[in-house]
Amino acid sequence: MPATSLDQIVALAKRRGFIFPSSEIYGGLQGVYDYGPLGVELKNNIIADWWRTNVYERDDMEGLDAAILMNRLVWKYSGHEETFNDPLVDCRTCKMRWRADHIHGVCPNCGSRDLTEPRPFNMMFRTQIGPVADSGSFAYLRPETAQGIFVNFANVLTTTARKLPFGIAQVGKAFRNEINPRNFLFRVREFEQMEIEYFVMPGTDEEWHQRWLADRLAWWEQIGIPRSRITIYDVPTTELAHYSKRTFDLMYEYPNIGVQEIEGIANRTDYDLGSHSKDQEQLNLTARVNHNEDSIARLTYYDQASGRHIVPYVIEPSAGVGRCMLAVMCEGYAEERTKALPVEKLAAASEALQAFLKSVGRSEKLSGEARDAILARGEALSQALAERLPEVEQLLAMPGADQIELGKKLRGQVQPLIDEHYRTVLRLKPRLAPIKVAVFPLKRNHEQIVATAKAVRRQLQAGGQMRTVYDDTGAIGKLYRRQDEIGTPFCITVDFDTIGQGKDPALAGTVTVRDRDTMAQERVPIAELEVYLREKVMS
Ligand code: ATP
């Protein structure tokens with residue numbers, strides 16, 4: 001079962017170093033996050049998979065990496081200066097600001113309906129270029145990577161001699177001054193986009209739009225988001241962005257956040273190339289564009305068949321890396337029992353839980369709201385304690401729970417049981433996993449075992465494809481659990497048999513390979529490890 005609460009992912013991300021709040025030591029910066037040692041690996045692996053699928057495995061794609069800062073005129077003619085707005089309202093009661101289309105007329109902070117009329121708020125960040133701060137010296141941080149592709153259309157076309165249809169892919173940072181950044185990585189102010197602008201003959205755009213929809217759904221499935229977990233939202237005309245003829249939003253059901261956009265696939269028509277072109281009146285444009293007096297280029301394609309210059313239509317699949325990473329983590333997350341819990345231990349845990357809840361019910365230290373929330377969750381938990389024992393940790397982390405003395409006793413009772421009988425596992429596709437292989441010495445102070453384990457790590461890492469780590473910071477069971485929860489598909493243990501000092505001489509030169517998902521263990525000769533693992537870790 002995937003994650004049932006966003007808190008599970010937030011806690012794991014923080015505990016294990018996937019994601020940290022930006023500038024945390026100074027109180028953070030709202031809507032901005034840093035990717036830690038494991039987060040950067042997962043992010044890079046997602047991007048590499050997207051790039052491989054969309055650039056290398058197709059014959060009709062080129063890559064690009066355009067700068068974040070661009071001439072301000074780009075945003076004038078793209079329409080973003082005028083139309084990249086969200087409707088902003090203020091709550092007159094508590095003075096909070098909200099996006100009007102997110103709150104249905106009620107302030108989520110204080111419940112007041114006394115809100116100002118919505119007014120447009122431009123989401124582009126401004127920055128100053130050069131030492132003189134006057135009205136002509138500012139630029140925007142790009143709110144989408146797409147425009148870097150459009151303004152380079154002619155450059156790519158002439159240097160690659162591509163024929164239509166073809167596309168340009170780009171991955172890079174985008175910035176949006178979101179009114180209410182929230183929900184962890186879901187809505188942030190600085191994020192990364194993976195975007196494709198696919199240029200086609202006008203008239204073939206609708207067919208290509210459908211094809212890209214199918215291709216993109218296949219990719220989501222390939223990285224571990226089953227087709228059944230994605231819904232397609234055919235965006236109604238009234239909600240379309242200013243450049244779009246039709247857009248399919250792919251929606252994923254995030255825990256707590258609900259069904260939300262993970263990728264937009266838009267038919268941007270000839271709007272963008274047309275907008276950035278000179279001589280627009282000679283181009284037979286279908287989109288309504290502002291007259292362009294500044295561009296020095298015609299962004300057209302010479303069609304040999306008709307002998308005419310045309311402005312291609314564009315299909316744009318655009319996905320956010322952060323939303324993707326969040327979905328992949330939610331989807332792969334599981335808390336599960338690894339072995340049966342003895343009846344008497346379960347009974348003792350259940351008793352401790354009931355005693356805790358009773359004390360919560362009687363406590364005068366808690367607000368009514370906190371008490372009800374803890375009791376409701378606690379009751380639900382006690383209905384299925386054997387399956388949900390690890391959730392006791394979340395119960396004890398609820399506001400007010402730390403005021404209850406018996407909470408300590410409950411924790412003391414269940415923690416050893418959780419450690420022994422349950423595990424958190426992140427079932428990432430192996431090729432996305434931050435670490436592919438972890439190598440453990442059975443005994444961390446045995447010279448030969450340690451040396452062999454370190455040699456195995458070096459040998460596997462030398463191939464360059466498998467991120468392999470060495471870990472000797474605990475007993476093997478604990479080390480397995482630490483790797484399970486970060487999604488490491490394989491753990492290798494070097495023991496006395498490996499070095500020829502075990503019970504079975506036939507096992508000399510072999511190690512135990514343990515599979516994350518099945519927990520099955522297999523003995524594999526060190527000499528064959530690389531071949532044994534190579535395909536599996538890239539699956
Ligand atoms: P929303 O309606 O949720 O604000 P959008 O329709 O404005 O999103 P697009 O302009 O279509 O988003 O951007 C393409 C993709 O970029 C989105 O599908 C999403 O994955 C990502 N994205 C957009 N805004 C954000 C953000 N503030 N934080 C994280 N990812 C974002």
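How many nonpolar, polar and charged residues does the shell around the ligand have? Before I answer, please keep in mind that what we are looking at this morning is a predicted model. By class, the shell has 6 nonpolar, 4 polar and 7 charged residues.

Let me stay with the ligand for a while. It is surrounded by 17 residues, and the closest of these are Glu178, Arg187, Val188, Glu261 and Gly320. Two of those names come back when we turn to individual atoms, since a polar side-chain atom of Glu178 lies 2.7 Å from a nitrogen atom of the ligand, and a polar backbone atom of Val188 is 2.8 Å from a nitrogen atom of the ligand. On the oxygen side, if you look for Arg323, you will find that a polar atom of its side chain lies 3.1 Å from an oxygen atom of the ligand. As for how covered the ligand is, it would expose 590 Å² if taken alone, and the protein buries 83% of that area.

Which strand gives the most to this shell? Three strands each supply at least two of its residues, namely β10, which runs over 190-200, β13, over 258-269, and β16, over 313-320. Among the contributors, β13 gives the most, with 4 residues.

Now I would like to move to the helices, where two pairs are worth following. In the pair made by α11, residues 343-362, and α12, residues 368-383, the helices pack at an angle of about 160°, and their axes are 10 Å apart. Because angles over 145 degrees count as roughly antiparallel, α11 is roughly antiparallel to α12. The crossing of α11 and α12 is left-handed.

The other pair is α16, residues 447-462, with α18, residues 529-537, and here the packing angle is about 50°, with the axes 11 Å apart. At that angle, α16 and α18 are therefore oblique to each other, and their crossing is right-handed.

Finally, let us look at the backbone of one loop, the one that lies between α7, residues 153-160, and β9, residues 166-175. Is the peptide bond from Leu164 to Pro165 cis or trans? In this model that bond is cis, with omega near -5°, and Pro165 has its place in the loop I have just described. Ala161 lies in the loop between α7 and β9 as well, and its phi is near 55°, which is a positive value in a residue other than glycine.

Terms used:
Residues numbered from 1 in each chain as written. Predicted model: local features only at pLDDT ≥ 70, side-chain atom pairs only at ≥ 80, totals over all residues. Heavy atoms only, no water. Near = heavy atom within 4 Å. Polar contact = N/O pair within 3.5 Å; in protein donor to acceptor, adjacent residues only side chain to side chain. Areas by Shrake-Rupley, 256 points an atom, 1.4 Å probe, with all protein chains shown as cover. Nonpolar A, V, L, I, M, F, W, Y, C, P; charged D, E, K, R; others polar. Axes fitted to C-alpha atoms, helices over the stretch in contact; angles between N-to-C directions. Parallel < 35°, antiparallel > 145°, perpendicular 65-115°, else oblique. Left-handed = near helix turned anticlockwise from the far one by under 90°.
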